[in-house]
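Me: Hello! Could you help me learn to read a protein structure, one feature at a time?

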Amino acid sequence: MKNYILILLSFLLFAGSVNAQRNCGSMEVLDRQLKEDPGMFERMQNIEKQTQAYEKSSHLGQRSVVVIPVVVHVVYQTSAQNISEAQINSQITVLNADFRALNGDLSGVPAEFQPLIADSEVEFCLAKQDPNGLATTGINRKYVNKSSWGTNDDVKKLSKGGINPWDPTKYLNIWVCNIGGGILGYAQFPGGSSATDGVVIGYNYFGTTGAVSPPFDKGRTATHEIGHWLNLRHIWGDTNCGSDLVNDTPTHNAANYGCPAFPHYSTCSGTPKELTMDYMDYTDDACMFMFTQGQKTRMRAVLDGGSRGSLAGSPGCDAPGGGGGSCGTPTGLGASNITATSATVSWSAVSGASSYNLQYKANANGSWTTINTTSTSYGLTGLTASTTYNTQVQAVCSGNSSAYSSQVNFTTLSGSNCTDVYESNNTKATAKTIPVDVNLKALISTTTDVDWFKFNTTSAKKNVKVNMTTLPADYDMKLYKNNTLVAVSENDGTNDEQCISNNNSSTGTFYVYVYGWNGAKDASNCYNLLVTLSASNFRTDGSEDFESLNPVENEFLAWPNPAQNEINIKVPFENQITGDITIFDVTGKMIYTQKLTGSKQSSNFKIDVSNFENGLYFMNWKTNTSNLVQRVIVTK
Ligand SMILES: [Zn+2]
């Protein structure tokens, strides 16, 4: 362990002596937020699923330029930190060049990478209208007697002295402050809490004039962070030869700093030339100048109907009041074809309108959902039965938008054909005890509703099968034995799911967790649930979608062993979502460490050991609840 401490010390000394390197806090902030917010991982998974569907869809040619209203919150202690309007405007200018591929330094892209250059069709404006519809400069200033803010999101909280975000469904919030710690900026990825959504940039890394100095004086820190905010990862995937979830970027082995000469070769498989000029690398401002087509598609997925889709309908860039005069407020708003879960809302056309922003919300729920449409009617789906909804509509004209119409309300029908006798069972702690060998009916009534059930096995019948049938929507299931996840059933678009847990050596309490994928629900129709116990093993139906995650509890496998170039590992995530895999040599020196994030699809991982010297190593798997070690041998 002594060697390890020495290495750590020398690393800290090294890191402290290099202060002109880019350092972005986004991944550390993501790790913290995932720990603090148990629902965030699942929300991010759903966004990933939407992104993959978007990447496969024929979206090309259907897009338009999205203009994102920006509010800049300047939180300062010194006059230098209270940056000028000119400095703020210079940053908006950089963003509008970088996200439209209009930046002059684009000519520095090597010929072989030029086909990858993307116009992301995203623009930015300083907000002209605040969330209350009042005129604004889009700049919000606040003196706070605090020298640095760190990356703990305090600057985003009024209760901590900072400034609360404006409605992030309508604005990109940028906080400019002294972050400290050598961090240039950090962003929140899509899927995070709306209370902390946006990006934070150090006052001396923002824009191209005023408080900035080389090598971070070209406004690229904000371009990079807004890339994260639109769901881009670092180009090296934050691990050795990791994936940035984009197909057209070369695999980088690690971050690049400074200004690498072209060509700079990756050490990863195939040794491709690295795209060091990409905004999502760590190079200096003057040496990053492009997004790729694949990165554009990923960003557009969250903007075009994804989790940031409402920004397109935001009136934030328009002066308040629809001062243009040519764009009247829509009239004739009404709802028809009302069912338990849907309704058609329509209104009269407005002369000169290019599109309309329709907003709706449940009467009891404060936040509007905004839909931008060129039609004068819209079919709302996925509504909750027996619920009153508010609607209002606004005409969008060139230059100005009208005021919103007066609200019109409608109430969905009851229509429920089953009674959910198990609510409230939304947490494991409130799981309802259910009988085995009995067909049950239960209901997922809202986008946030989930169901937890529990039952015990007996010494005579230790094998478990759980079937869900007649699913009215895309429901999925996880099965836990005590605190250990033992099976997952996440089929797409089927109307049944099945989990099996065989070879249980002891009796225990099992928990069934039922949830709607991506907010799937049906307030009117129940699903069926049946638990069966058996003395003999259950056979699976052969469906490849079924996977028993963890037939042996706490199974931690590494193969082949001895290994030559690659080790496959299988880790038990149990009820954790992340863990750390660390490899030590026999002297206790840390050779390799990586954070792994778990899901049904990714409990198996590969580690490249081709650069390891022959010898014995210890592989450690650590989560909040387990700490397991395997010995592995590497021979060439
Ligand atoms: Zn970053």
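**Reading the metal site and a helix**

Me: Is His228 buried or exposed?
Reply: A residue counts as buried when its relative accessible area is under 20%. For His228 that area is 0%, so His228 is buried. His224 is buried too, also with a value of 0%. Do keep in mind that this is a predicted model.

Me: Where do His224 and His228 lie?
Reply: Start with the general idea: an α-helix has 3.6 residues a turn, so residues three or four places apart point the same way. Here, both histidines belong to helix H5, residues 220-229, and sit four residues apart, about one turn of the helix.

Me: Which residues coordinate the zinc ion?
Reply: Look for the atoms that act as donors to the metal. Cys24 gives its SG atom, while His224, His228 and His234 each give NE2, at 2.0 to 2.2 Å. Along the sequence, the donor residues follow the spacing C-x199-H-x3-H-x5-H.

Me: Why is the arrangement around the zinc ion tetrahedral?
Reply: Four donors count as tetrahedral if all angles lie between 85 and 135 degrees. The four donor atoms here subtend angles of 97 to 120°, so the arrangement is tetrahedral.

Me: Which residues of helix H2 are buried?
Reply: In H2, residues 26-36, they are Ser26, Met27, Val29, Leu30, Gln33 and Leu34. Seen down the axis, these buried residues fall within an arc of 155°, so they line one face of the helix. They pack against helix H3 (40-56), strand E5 (185-187) and H5. The face turned away from the buried side carries the exposed residues Glu28, Lys35 and Glu36.

Conventions:
Residues are numbered from 1 along each chain as its sequence is written. This is a predicted model: local features need pLDDT of at least 70, side-chain atom pairs count only at pLDDT 80 or more; totals for chains, interfaces and linings use all residues. Side-chain values use heavy atoms; hydrogens and water are left out. Donors are N, O and S atoms within 2.8 Å of the metal (3.2 Å for Na, K and Ca); water is not among the atoms, so sites may look incomplete. Four donors count as tetrahedral if all angles lie between 85 and 135 degrees; four count as square planar and six as octahedral if opposite donors are over 155 degrees apart and all others between 65 and 115; anything else is irregular. Helices (H or I, at least four residues) and strands (E, at least two) are DSSP runs, numbered from the N terminus. Buried means under 20% relative accessible area, exposed over 50%, partly exposed in between (1.4 Å probe, protein chains only). The arc is that of the directions from the helix axis to the C-beta atoms. Contact means heavy atoms within 4.5 Å.
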